[in-house]
Amino acid sequence: MSTSSRQPEHPIDPLFTRRWSPRAFTGEAISHPELMKCIEAARWAPSASNSQPWRFIYALRETPAWTPIFDTLVEFNRDWAHRAGALIVVLSRKRWIAPGYNEQRALPTHSFDAGAAWANLALQTTQSGWHAHAMAGFDNERLRAQLSVPEDYAIEAVVAIGKVADKSVLSEALAQRETPSQRLPLKAIVAEGRFAFEA
Ligand SMILES: Cc1cc2nc3c(=O)[nH]c(=O)nc-3n(C[C@H](O)[C@H](O)[C@H](O)COP(=O)(O)O)c2cc1C
């Protein structure tokens, strides 16, 4: 599936429009070093006070770590994510000991910072010839229990990493949706000086 229909309004690096979230994956296994390269990019994301609240729990396909994560996906996501090469659970730490303090304090930016890390991960994944597809469709409490995630960590998303396949591997309904999405125009999301966005 081509991303050539994605035309930016201003010239940007093509990597940004080449990144998209396919559901048709080949089932090819990703190697540990290749996966670590994607997570390495996430590690270099910016965060408030360099708090780095992101954490990643991964499972390569056909390893024992796969099923406890995969089983918590909603059926809609299981239908396509079973062809991913790896699953990554993105977590964020909600409290930390800030510089100059002795006790734990809330880290209000934990999700924002983890989002920056996910974006880095997705872009590096595309750059490496794979694709990343984030999912919020999973049973959060079950996943927390399965992976023994402490209460002071939020489970932000599960990310499927895979090699893009032809959309014919998908069900008819999913195949129809398998096309890179478009974006709101710039004028609808940016305003100068006050809250005034065009429809
Ligand atoms: C936090 C988050 C949660 C998402 N949850 C799901 C999901 O559960 N299932 C799914 O198929 N896609 C999911 N997506 C994919 C989005 O639908 C997709 O990123 C969006 O439509 C933009 O398309 P693009 O990523 O191809 O540019 C999710 C994306 C994000 C960032």
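**Contacts, cores and compactness**

Author: Residues 24 or more positions apart make up 72% of the contacts in the protein chain that have a separation of 6 or more. Contact here means heavy atoms within 4.5 Å.

Reader: What kind of model is this?

Author: It is a predicted model: local features need pLDDT of at least 70, side-chain atom pairs count only at pLDDT 80 or more, and totals for chains, interfaces and linings use all residues. Residues are numbered from 1 along each chain as its sequence is written, and side-chain values use heavy atoms, with hydrogens and water left out.

Reader: What makes the protein chain as compact as a globular protein of its length?

Author: Its radius of gyration, taken over C-alpha atoms, is 18 Å. The globule rule (2.2 Å times the number of residues to the power 0.38) gives 16 Å for 199 residues. The two values are close, so the chain is as compact as a globular protein of that length.

Reader: Why is Thr3 called buried?

Author: Buried means under 20% relative accessible area, exposed over 50%, and partly exposed in between (1.4 Å probe, protein chains only). Thr3 has 17%, so it is buried. Leaving out residues up to four places away in sequence, Thr3 touches Thr17, Arg18, Trp20 and Pro180.

Reader: And why is Ile97 put in another class than buried?

Author: Ile97 has a relative accessible area of 42%, so it is partly exposed. It lies in the loop between β3 (95-96) and β4 (105-106). Strands are DSSP runs of E, at least two residues; helices are runs of H or I, at least four; both are numbered from the N terminus. Beyond its neighbours within four places in sequence, Ile97 contacts Asn102, Glu103 and Gln104.

Reader: What makes a set of residues a nonpolar core?

Author: The members are buried Ala, Val, Leu, Ile, Met, Phe, Trp, Tyr and Cys residues, joined through side-chain atoms within 4.5 Å. The largest core here has 26 residues. Ile69, Trp80, Leu87, Val89, Met135, Leu143 and Val158 touch the most other members. β6 (153-162) is among the elements that each supply at least two residues. β6 gives the most, with four. A second, separate core of 19 residues includes Leu35, Ala45, Leu60 and Val159.

Reader: Which residues does Met135 touch?

Author: Not counting residues up to four places away in sequence, Met135 touches Leu73, Asn77, Trp80, Ala81, Leu87, Ala157, Val158, Val159 and Ala160.
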